[in-house]
Amino acid sequence: MRYEIKGGTLPVVILYPEAGESIITEGGAMSWMSANMKMETTSGGGLGKMLGRALSGEKLFQNIYTAQGGPGLLACASSFPGSIEAFEIGPGNNMIFQKSAFLCSESGVTLSTHLQKKMGAGFFGGEGFIMQKISGQGLCFAEFDGHVVKYNLNPGQQLVVDTGNLAAMTESCSIDIQSVGSVKNALLGGEGLFNTVITGPGTVWLQTMSVPSLASLIAPYIPSSK
């Protein structure tokens with residue numbers, strides 16, 4: 001499917017489906033579309049999958065847009081200043097996203113939950129127990145916070161990441177945690193108690209700013225209501 005990503009800090013992906021082609025979106029993701037795009041709201045596979053999507057930060061229902069009678073147009077904008085990245089999903093090329101990252105995809109792509117295998121990583125790694133797993137076949141688009149930097153990791157190669165900066169990784173990567181070191185580091189270093197450790201082989205996408213980090217920075221400047 002042809003597409004283009006436009007915009008700087010507030011990007012939008014514009015997709016151009018051919019007649020009969022369908023696009024799956026997160027609820028409320030559509031920004032504008034051609035008049036021949038037909039929308040259908042779906043549970044995407046029943047109650048279990050609905051609850052799984054909710055736990056991974058998505059809406060209970062998804063929307064399917066299909067081009068009727070000829071080529072169509074559908075635009076999905078990012079909900080936060082940041083980046084939109086495209087991923088080609090296929091056998092052996094599943095992706096793991098942070099919560100709420102899924103934006104839209106071709107109809108052959110499946111969104112499900114990914115559970116952290118190590119309890120420590122779930123509690124202290126900053127990503128939580130549940131992330132998003134993207135599988136199936138086709139193009140998928142994800143929205144991330146801030147600018148995105150991509151790294152390719154060799155087998156056994158590790159990258160230490162501050163809490164909240166992990167945006168996505170290939171399923172072949174694994175997540176663990178490590179302590180920041182001494183009590184002095186933990187109390188005075190400003191980095192918290194733990195960092196996230198990503199181990200290859202695979203590819204990892206890191207974001208420069210997370211929504212919680214931005215919220216904590218601007219919170220002192222928001223007048224409190226009395």
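**Close-up views of Glu143, Cys140 and Val204**

**Figure 1. Polar surroundings of the Glu143 side chain.** A polar atom of the Glu143 side chain lies 2.8 Å from the backbone nitrogen of Ser79. The model shown here, as in every view below, is predicted. A polar contact of 3.1 Å links the side chain of Glu143 to the side chain of Ser78. Thus Ser78 is met through its side chain, while for Ser79 the atom concerned is the backbone nitrogen.

**Figure 2. Burial and neighbours of Glu143.** Glu143 belongs to strand β13, which spans residues 138-145. Its relative accessibility is 12%, so Glu143 is classed as buried, because the limit for that class is under 20%. Leaving aside residues up to four places away in sequence, Glu143 touches Ser78, Ser79, Phe80, Ser83, Gln98, Ser100, Ala101 and Leu103. Ser78 and Ser79 in this list are the residues of Figure 1.

**Figure 3. Cys140 in strand β13.** Cys140 is placed in strand β13, the strand that also holds Glu143. The relative accessible area of Cys140 is 0%, and this residue is therefore buried. Beyond residues up to four places away in sequence, Cys140 touches Glu85, Ala86, Phe87, Ile89, Phe97, Phe102, Cys104, Ser105, Val109 and Ile134. Between the C-alpha atoms of Cys140 and Ile24 the separation is 9.3 Å, although their positions lie 116 residues apart along the chain as a sequence separation.

**Figure 4. Val204 in strand β19.** Strand β19, residues 202-207, contains Val204. With a relative accessible area of 0%, Val204 is buried. The residues touched by Val204, not counting those up to four places away in sequence, are Val149, Lys150, Tyr151, Leu153, Leu159, Leu166, Ala168, Met169 and Ile198. For one of them, Leu166, the C-alpha atom is 7.7 Å from that of Val204, at 38 residues apart along the chain.

**Figure 5. The whole chain as context for the close-ups.** Four helices and 19 strands make up the secondary structure of the chain. Of its 226 residues, 44% are buried; Glu143, Cys140 and Val204 are among them. Considering contacts with a separation of 6 or more, 77% are between residues 24 or more positions apart. The pair Val204 and Leu166 gives one example of residues that touch at 38 residues apart along the chain. The exposed area of the chain is about 11400 Å², of which carbon and sulfur atoms supply 58%.

Technical notes. Residues are numbered from 1 along each chain as its sequence is written. This is a predicted model: local features need pLDDT of at least 70, side-chain atom pairs count only at pLDDT 80 or more; totals for chains, interfaces and linings use all residues. Side-chain values use heavy atoms; hydrogens and water are left out. Helices (H or I, at least four residues) and strands (E, at least two) are DSSP runs, numbered from the N terminus. Buried means under 20% relative accessible area, exposed over 50%, partly exposed in between (1.4 Å probe, protein chains only). A polar contact is a pair of N or O atoms within 3.5 Å; within protein, one must be able to donate a hydrogen and the other to accept it, and residues adjacent in sequence count only if both atoms are side-chain atoms. Contact means heavy atoms within 4.5 Å. Accessible areas come from the Shrake-Rupley method with a 1.4 Å probe; for residues, only the protein chains shown count as cover.
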